[in-house]
Number of protein chains: 4
Amino acid sequence: MMKVIKAGILGATGYTGIELLRLLQQHPAVTVAHAFTESHVGQPIPHIYPHLQQQTSLIGEQFSPTLAADCDVLFMALPHGHAIDIVPPLLAQGKKVIDLGADFRLKSADDYQHWYQTTPASASLLQQAVYGLPEAGYRAAIQQATLLANPGCYPTASILAALPAFAAGIISPSDCIFDAKSGLSGAGRKLALQSHYGEVAENFSPYQVGGIHRHTPEIEQALTAIAQQPITIQFTPHLVPMVRGLSVTAYFKLNTLLTQQAVHAIYQQAYQDEPFIRLYTTTHTNPQTKQVRGTNFCDISVHVDTRTQRLIVISAIDNLLKGAAGQAIQNMNIMFQLPETTGLQNGGGIYP
Amino acid sequence: MMKVIKAGILGATGYTGIELLRLLQQHPAVTVAHAFTESHVGQPIPHIYPHLQQQTSLIGEQFSPTLAADCDVLFMALPHGHAIDIVPPLLAQGKKVIDLGADFRLKSADDYQHWYQTTPASASLLQQAVYGLPEAGYRAAIQQATLLANPGCYPTASILAALPAFAAGIISPSDCIFDAKSGLSGAGRKLALQSHYGEVAENFSPYQVGGIHRHTPEIEQALTAIAQQPITIQFTPHLVPMVRGLSVTAYFKLNTLLTQQAVHAIYQQAYQDEPFIRLYTTTHTNPQTKQVRGTNFCDISVHVDTRTQRLIVISAIDNLLKGAAGQAIQNMNIMFQLPETTGLQNGGGIYP
Amino acid sequence: MMKVIKAGILGATGYTGIELLRLLQQHPAVTVAHAFTESHVGQPIPHIYPHLQQQTSLIGEQFSPTLAADCDVLFMALPHGHAIDIVPPLLAQGKKVIDLGADFRLKSADDYQHWYQTTPASASLLQQAVYGLPEAGYRAAIQQATLLANPGCYPTASILAALPAFAAGIISPSDCIFDAKSGLSGAGRKLALQSHYGEVAENFSPYQVGGIHRHTPEIEQALTAIAQQPITIQFTPHLVPMVRGLSVTAYFKLNTLLTQQAVHAIYQQAYQDEPFIRLYTTTHTNPQTKQVRGTNFCDISVHVDTRTQRLIVISAIDNLLKGAAGQAIQNMNIMFQLPETTGLQNGGGIYP
Amino acid sequence: MMKVIKAGILGATGYTGIELLRLLQQHPAVTVAHAFTESHVGQPIPHIYPHLQQQTSLIGEQFSPTLAADCDVLFMALPHGHAIDIVPPLLAQGKKVIDLGADFRLKSADDYQHWYQTTPASASLLQQAVYGLPEAGYRAAIQQATLLANPGCYPTASILAALPAFAAGIISPSDCIFDAKSGLSGAGRKLALQSHYGEVAENFSPYQVGGIHRHTPEIEQALTAIAQQPITIQFTPHLVPMVRGLSVTAYFKLNTLLTQQAVHAIYQQAYQDEPFIRLYTTTHTNPQTKQVRGTNFCDISVHVDTRTQRLIVISAIDNLLKGAAGQAIQNMNIMFQLPETTGLQNGGGIYP
């Protein structure tokens with residue numbers, strides 16, 4: 001494959017940005033032309049991240065549209081709110097933009113305003129943006145997309161756990177709980193007490209309890225589209241003392257009691273052609289985060305409890321891959337008509 | 001305080017047993033007379049657990065009723081099924097018995113048979129046993145108990161999260177989910193692949209998904225007694241890459257929408273005199289497992305989500321203290337008419 | 001024991017300060033009168049450290065000599081350089097001062113200037129200060145001390161590993177290497193990339209390699225006093241992905257080849273009356289940091305390699321106890337003529 | 001590249017074996033024909049290691065020379081002693097053999113007998129075996145090798161730390177200490193108390209202290225060859241609470257005091273053409289294990305301490321890559337005249 005795509009990364013020196021850089025450097029069709037950064041301008045990337053010694057000679061650059069002019073695609077790995085003003089000129093230049101932040105994920109400007117407490121992007125931009133979850137029926141739209149809103153890590157694992165059940169109409173729309181657990185890299189490299197080793201190690205920590213986490217409306221928007229009726233969810237995030245990995249335990253109420261086999265068949269059919277979803281065949285084993293670490297897979301298992309008539313679904317992803325950088329590359333592959341798994345087949349991650 | 005109580009520990013060289021030993025050695029009213037063990041007979045305890053060098057001169061002994069004759073109380077820290085035959089002769093000798101296993105927790109022999117797949121204790125023994133959760137209204141019975149069934153770690157954190165809400169009748173009996181997360185010491189010191197460092201570290205692992213974990217009927221039995229109507233729950237356990245700590249996120253449906261303040265007041269009133277329950281006063285902070293590590297506290301926070309009309313409760317305990325050895329000592333204190341916190345006031349655990 | 005000693009802590013909200021607070025609250029002879037802090041003035045301590053809920057009602061206060069007037073002893077848990085100006089007025093008030101920082105450890109003002117790159121305390125103050133390592137022959141001086149310089153964590157474990165060998169004159173003065181490994185709490189609660197969870201977890205990290213760490217002259221000063229000849233050492237610190245614990249592997253050259261038994265006997269004799277040193281009796285087991293966690297013990301094992309004529313000594317401490325707060329309380333006990341172990345007998349820490 | 005090499009793995013279901021399998025599956029010139037195992041015969045590999053779902057359809061097979069007949073190369077990832085009888089028939093069949101165990105590393109049968117306490121391979125086999133450390137001058141021999149003895153993890157990191165200094169004759173032959181620290185995966189997947197999560201987490205643990213670890217003679221043999229005079233070393237291993245990674249702090253005595261620049265230049269020259277060695281250019285940063293995790297790199301930094309006239313060298317590897325499976329593939333590449341880095345360029349491992 002030829003290196004035909006030139007890419008730039010904004011926010012290249014955060015955990016998501018540097019993972020994008022690492023993966024894109026190995027991508028057979030991509031050259032990373034620019035590593036844009038606010039905090040490390042002028043520094044060679046391997047000085048900031050020594051694991052990349054001899055892997056890249058890029059130097060951190062201050063972003064400017066002029067420098068971006070030689071890029072075909074720009075990846076935005078920025079805090080929310082930061083992409084809103086940067087994107088329109090890039091689109092006007094004819095660039096494709098993949099935003100890994102939250103700025104273009106919600107179709108409703110009011111929802112964005114309410115949950116993020118900052119000014120939303122223009123309504124036209126919000127409408128233009130395509131939600132980048134290929135498995136949720138967006139693949140055709142992604143192929144045409146110029147502005148792609150890459151899903152959040154929690155929404156990716158939550159939506160994929162619920163999708164076949166809502167699509168098949170087998171679960172109640174009002175009884176939908178996502179109990180989610182994430183490793184610390186999801187909180188980024190920014191210094192904060194909640195990411196301090198002494199506070200995190202040997203600790204399990206719920207946060208944003210009570211339905212107040214910003215990923216709630218994103219999940220509801222996607223599930224409402226799939227179920228074709230309004231879905232209200234309960235979402236609770238927790239921090240796990242590990243670096244990578246995100247696990248969701250989803251609780252649904254079955255409309256009628258189905259067998260384990262019947263539900264499994266529904267999931268099997270929904271996901272059989274998906275290259276990045278691995279459905280577990282037995283109820284005895286469940287996805288563990290370590291089994292997807294370093295990969296773009298979402299592992300899923302389904303469990304019917306006949307006592308309670310509930311469907312419980314476990315999903316697991318690497319929050320920096322399928323939950324961020326990996327999914328962004330999957331989307332880029334679709335946008336550029338490349339095979340969807342290009343550059344993402346790494347043979348099973350790293351274990352143990 | 002004088003050392004008036006002589007205690008023996010069966011299963012002294014497991015993680016629960018050795019924690020009992022450590023705590024009882026510091027207890028002002030207790031002398032540990034015997035450390036009974038199957039696996040390390042004849043070995044000095046500090047050879048097995050070097051952290052106890054100069055803390056104990058006990059030597060592992062093979063259990064026999066004769067050796068136990070000089071004890072006032074026997075603690076059983078054994079795998080399930082093992083206590084059933086050992087206990088009756090001890091009771092006949094006039095000993096008090098505190099069983100930290102599951103053999104006397106369920107009142108229904110059928111339930112025990114069904115969930116544990118082994119022969120239950122006699123019905124009379126099951127009736128005689130007092131469930132040792134003082135906060136759940138059993139304090140008076142514990143004072144009179146000769147056979148005490150110490151609650152499991154998951155049930156302790158789950159029941160304490162639900163108790164005031166069920167007692168006050170504010171939540172639905174059929175909509176009750178406990179998503180529970182435990183550190184690895186809950187699985188004991190026995191060698192197993194699921195406790196192997198390479199498998200556990202950097203991994204989050206659901207298990208027994210689908211309502212099949214044995215602690216389910218124990219929680220239902222206790223909540224049914226509190227609610228005075230049949231309660232069916234959903235319980236899912238997970239393993240967290242940490243040694244100690246157990247956290248429950250409990251989801252309930254409010255019968256009518258109450259304010260955060262109203263629910264907090266109900267919990268406050270229920271627990272205001274409890275020495276080992278700390279109720280969080282704000283919704284912004286939640287119990288983290290590290291904040292109870294090495295203590296007998298159960299930390300609790302309550303969160304009303306007005307969007308979903310759900311009550312979400314977070315509880316956290318140290319699985320080896322309030323979830324096992326600490327609670328056993330709390331029960332022993334009550335059984336021997338000692339102040340309930342004797343030997344358990346250690347000033348806030350160990351942090352960080 | 002009566003609560004006869006009133007104590008104040010400066011820097012109470014750092015990891016060392018809060019550990020002092022936790023331990024002193026449990027000390028039978030001490031009342032903590034003030035928790036002084038720069039960063040959290042006006043905040044209840046349990047808001048900053050929730051593990052201390054219901055354990056203390058202290059509120060963070062801005063330090064002033066006036067507030068300190070009701071204290072008998074002040075503990076300084078401050079960054080180096082900060083104690084120098086604060087201490088003299090306190091001494092003039094007749095207070096006892098225990099400094100857990102580096103400001104009074106080195107007798108040579110030039111050495112302090114050279115290694116810490118800041119202005120040293122006055123020569124008279126440096127002479128007045130007593131080095132608080134009781135096991136190293138300072139016990140009598142500590143009893144009389146008004147200004148006590150509490151040793152660093154690395155020096156404590158290093159000096160105790162070397163002391164009997166140098167005192168007995170069995171090892172070469174010029175061939176002395178301390179390879180030291182510490183948990184992250186030694187770096188404090190201050191936010192820094194080196195303490196960020198994503199950087200620390202699953203990582204082992206040497207630092208200050210090449211004989212440039214500031215604890216080097218402190219170790220040399222103590223060993224020179226013990227050996228009564230100039231000792232130059234090699235010291236290399238490393239960070240281990242754990243919170244607490246400090247381990248030293250010390251390499252010495254035996255002047256003449258001694259047997260394992262002979263060397264062990266020398267260490268045995270040197271430490272037989274020391275309440276906080278546990279000497280391992282076999283060469284098959286070695287001190288592990290977890291076995292001293294939460295205790296004031298220093299565990300030590302000695303190993304003669306006849307092939308190389310080297311003596312290798314392993315020592316392990318909890319860096320926040322024997323390496324900081326615990327040792328400070330041990331020193332306070334000596335200064336106030338209390339039994340040396342008062343408030344420090346906690347039955348073997350916390351394991352696992 | 002065509003898949004021209006057929007490989008078999010003995011001991012495929014241990015941590016080293018499965019890492020070999022994962023890496024070889026991605027290797028452009030290799031097909032893995034057989035995954036031989038004692039413990040999991042008949043089980044699909046992804047049942048044993050779910051991270052390999054959809055990555056391999058291999059099923060665990062009982063080894064037999066007949067089954068191995070279609071292989072070009074056999075990798076032996078077995079406990080020591082197990083390869084000795086298996087290898088000769090394979091060589092007789094014309095297979096190339098790469099042994100990742102210790103059975104063919106030592107040239108002296110007496111040394112093997114002494115350190116491993118079991119019967120050595122025949123003298124002719126020991127002579128035939130080529131030590132597979134390409135950077136140590138064995139590259140030409142490896143090209144011709146039919147039986148390759150892949151170095152141990154500790155020896156790899158230790159020898160590479162010392163090699164340029166001994167080759168240049170700048171350090172004393174009798175003053176050579178390797179203080180080594182390894183993650184737990186080095187101890188394999190076999191259940192053992194030393195690998196139990198509760199024992200390992202939050203613990204740092206020296207072992208085999210006093211010059212008794214079996215890797216000692218392997219290091220001495222290699223360094224003696226390089227230095228062309230007898231080298232006796234001091235080697236001490238330690239366990240770090242992490243899964244992957246191995247770090248060595250090596251202490252040497254400079255024959256004459258050289259500058260930092262001079263020593264760095266010697267290392268630079270020695271390693272400038274080595275594709276898997278990254279020499280750090282400043283003394284301020286040192287190799288950390290996380291920066292080589294998932295890669296075949298050995299990162300090295302050198303530090304001259306002018307006070308002590310010592311050279312201190314830090315080296316870091318991933319014990320399962322450059323310390324085992326990665327180096328084995330590097331050797332296979334050389335043996336099959338492939339570019340040395342084939343299949344081992346993965347873009348910088350996985351970080352954080």
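Here is a short conversation about a predicted model, covering one of its strands, one chain as a whole and two interfaces.

Visitor: What makes strand 4 of chain B covered on both faces?

Guide: Look at residues 73-76 of chain B: V73(B) and F75(B) lie on one side, L74(B) and M76(B) on the other, and all are buried. Buried here means under 20% relative accessible area, so a residue above that cut-off would not have qualified. The split into two sides fits a general pattern: in a regular strand the side chains alternate between the two faces of the sheet.

Visitor: How do you know that strand 1 of chain B pairs with strand 4 of chain B?

Guide: Pairing calls for at least two bridges. Four bridges join strand 1 (residues 5-10) to strand 4 in chain B, and the two run parallel; the strands therefore count as paired. One place to look is A7(B), whose bridge partner in strand 4 is V73(B).

Visitor: And what joins strand 4 of chain B to strand 5 of chain B?

Guide: Four bridges again, with strand 4 and strand 5 (residues 96-99) of chain B running parallel. Here L74(B) stands opposite V97(B).

Visitor: Why is the β-α-β unit of strand 4, helix 3 and strand 5 in chain B called right-handed?

Guide: Point the strands away from you and follow the path from the first strand over the helix to the second: a clockwise run is called right-handed. The unit made by strand 4, helix 3 (residues 83-92) and strand 5 of chain B is right-handed, so its path runs clockwise in that view.

Visitor: Turning to chain A, which secondary structure does chain A have, and what makes chain A as compact as a globular protein of its length?

Guide: Chain A has eleven helices and 14 strands. Its radius of gyration is 20 Å, close to the 20 Å that the globule rule gives for 352 residues, so chain A is as compact as a globular protein of that length. Buried residues make up 66% of the 352 in chain A. Of the contacts in chain A with a separation of 6 or more, 70% are between residues 24 or more positions apart.

Visitor: How do you know what area is buried between chain A and chain B?

Guide: The size of an interface is often given as the accessible area lost when the parts come together. For chain A and chain B that comes to about 4,100 Å², with 47% from carbon and sulfur atoms. In chain A, E202(A), F204(A) and R307(A) lose the most area to chain B, together 18% of what that side buries.

Visitor: How many residues of chain C and chain D are in contact?

Guide: 52 residues of chain C touch 52 residues of chain D. On the chain C side, E202(C), F204(C) and R307(C) supply 17% of the area buried against chain D, more than any other three residues.

Definitions and conventions: Residues are numbered from 1 along each chain as its sequence is written. Chains are lettered from A and ligands numbered from 1 in the order in which they are written. This is a predicted model: local features need pLDDT of at least 70, side-chain atom pairs count only at pLDDT 80 or more; totals for chains, interfaces and linings use all residues. Side-chain values use heavy atoms; hydrogens and water are left out. Buried means under 20% relative accessible area, exposed over 50%, partly exposed in between (1.4 Å probe, protein chains only). The radius of gyration is taken over C-alpha atoms; the globule rule is 2.2 Å times the number of residues to the power 0.38. Contact means heavy atoms within 4.5 Å. Buried area is the accessible area (1.4 Å probe) that two parts lose on being put together, summed over both.
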